[in-house]
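Let's take a walk through this structure together, one piece at a time. Keep the sequence and the 3D view handy as you read.

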Amino acid sequence: MMFEKLEREVKNGKGAALVTVVRSSGSTPAEVGKLMVVYDDGQIDGTIGGGNLEKTTIGRAVEMIRKGISDTISYDLSKDLSMNCGGHVEVFVRVIKPDYRLIIVGGGHIAYYLNKLAKVINFRTIIFDSRAEMLTKDRYGEADELVLGGVVENLSTFNFTEND
């Protein structure tokens, strides 16, 4: 369930990080292999043990998402986080950046070639048009999403992100 949500959120333009406990020694709340997903807004799924370890890691992960940097973070729980358990934990934070999306309004001849160009440079494409005869899978088979209907209405409810 956690991975399906992660895939869906990233596909919808949200940045995220997968946090994995890779090393744990001494008395710690974290077990090797525990996973937590941190989204760019600080929301999470899963846990790496709670407390200051988790709170600090969430903050660092959000910062890493913004910078687009994956890295390993090591904690001495007593010295770094003022936790009484006193062990050591190492987590790997893997940043997962959403793909850039090109929003194309209108499914005419320019949109046809713009979609093809966007796919060459690995953009996700979403095409809006009110004409069913123009917005077909035969014409736009490589497009990631086709939105048929009132263009103004559909654009007004569309979830735009910083990657659009």
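Start with Asp45, which is buried, with a relative accessible area of 18%. One thing to keep in mind before going on: this is a predicted model. Which residue does Asp45 form a salt bridge with? The partner is Lys5, and the closest N and O atoms of the two are 3.4 Å apart. Asp45 sits in strand E3 (residues 44–46) while Lys5 belongs to helix H1, so this pair ties together parts that are 40 residues apart in sequence. Unlike Asp45, which is buried at 18%, Lys5 is partly exposed, with a relative accessible area of 28%.

That salt bridge has company, as the structure holds six of them. Take Asp41, which forms one with Lys14, and here the closest N and O atoms are 3.0 Å apart. This pair also links distant parts of the chain: Asp41 is in the loop between E2 and E3, Lys14 is in the loop between H1 and E1, and they are 27 residues apart. Both partners are partly exposed, Asp41 at 45% relative accessibility and Lys14 with a relative accessible area of 22%.

Another one to find is the salt bridge between Arg23 and Glu90, with the closest N and O atoms 3.4 Å apart. Arg23 lies in strand E1 and Glu90 in strand E5, so the pair ties together parts that are 67 residues apart in sequence. Arg23 counts as exposed, at 51% relative accessibility; the cut-off for that word is over 50%.

Now go back to helix H1, the home of Lys5. H1 runs over residues 2–11, and in it Leu6, Glu9 and Val10 are buried. Why do these residues line one face of the helix? Seen down the axis of H1, they fall within an arc of 95°. It helps to know that an α-helix has 3.6 residues a turn, so residues three or four places apart point the same way. What covers the buried residues of H1 includes three strands: E1 (16–25), E2 (35–39) and E5 (88–96). Just past the helix comes Gly13, whose phi is positive, near 95°.

Helix H4 is a good one to look at next. It has twelve residues, 109–120, and at 1.5 Å a residue these should span 16 Å; the end C-alpha atoms are 17 Å apart, which agrees. Which residues of H4 are buried? They are Ala111, Asn115 and Ala118. These cover an arc of only 65° around the axis, which puts them on the same side of H4. What they pack against is strand E6 (101–105) and strand E7 (124–129).

Turn H4 around and you get another picture: on the other side, His109, Ile110, Tyr113, Leu117 and Val120 are exposed. Ile110, for one, counts as exposed at 61% relative accessibility. Ile110 also helps make a nonpolar surface patch of about 500 Å², together with Leu114, Leu117, Val120 and Ile121.

After H4 the chain reaches Asn122, in the loop between H4 and E7. Its phi is near 65°, a positive value in a residue other than glycine. Why is that worth a look? Most residues other than glycine have a negative phi. Asn122 counts as exposed, at 63% relative accessibility. Ser82 is another residue of this kind, with a positive phi near 55°. You'll find Ser82 in the loop between helix H3 (77–81) and E5, and Ser82 is exposed too, with a relative accessible area of 63%.

The last stop is Phe158, in the segment after helix H5 (151–156). Is Phe158 buried or exposed? Phe158 is buried, with a relative accessible area of 16%. Leaving aside residues up to four places away in sequence, Phe158 touches Arg101, Ile103, Ile126, Phe128 and Asp164.

Technical notes. Residues numbered from 1 in each chain as written. Predicted model: local features only at pLDDT ≥ 70, side-chain atom pairs only at ≥ 80, totals over all residues. Heavy atoms only, no water. Helix = DSSP H or I, 4+ residues; strand = E, 2+ residues; numbered from the N terminus. Expected span 1.5 Å × (residues − 1). Buried < 20%, exposed > 50% of the residue type's maximum accessible area, 1.4 Å probe, protein only. Arc of directions from axis to C-beta. Contact = heavy atoms within 4.5 Å. Patch = residues over 30% accessible without salt bridge, like charges linked within 9 Å, V, L, I, M, F, W, Y side chains within 5 Å. Areas by Shrake-Rupley, 256 points an atom, 1.4 Å probe, with all protein chains shown as cover. Salt bridge = Lys/Arg side-chain N within 4 Å of Asp/Glu carboxyl O.
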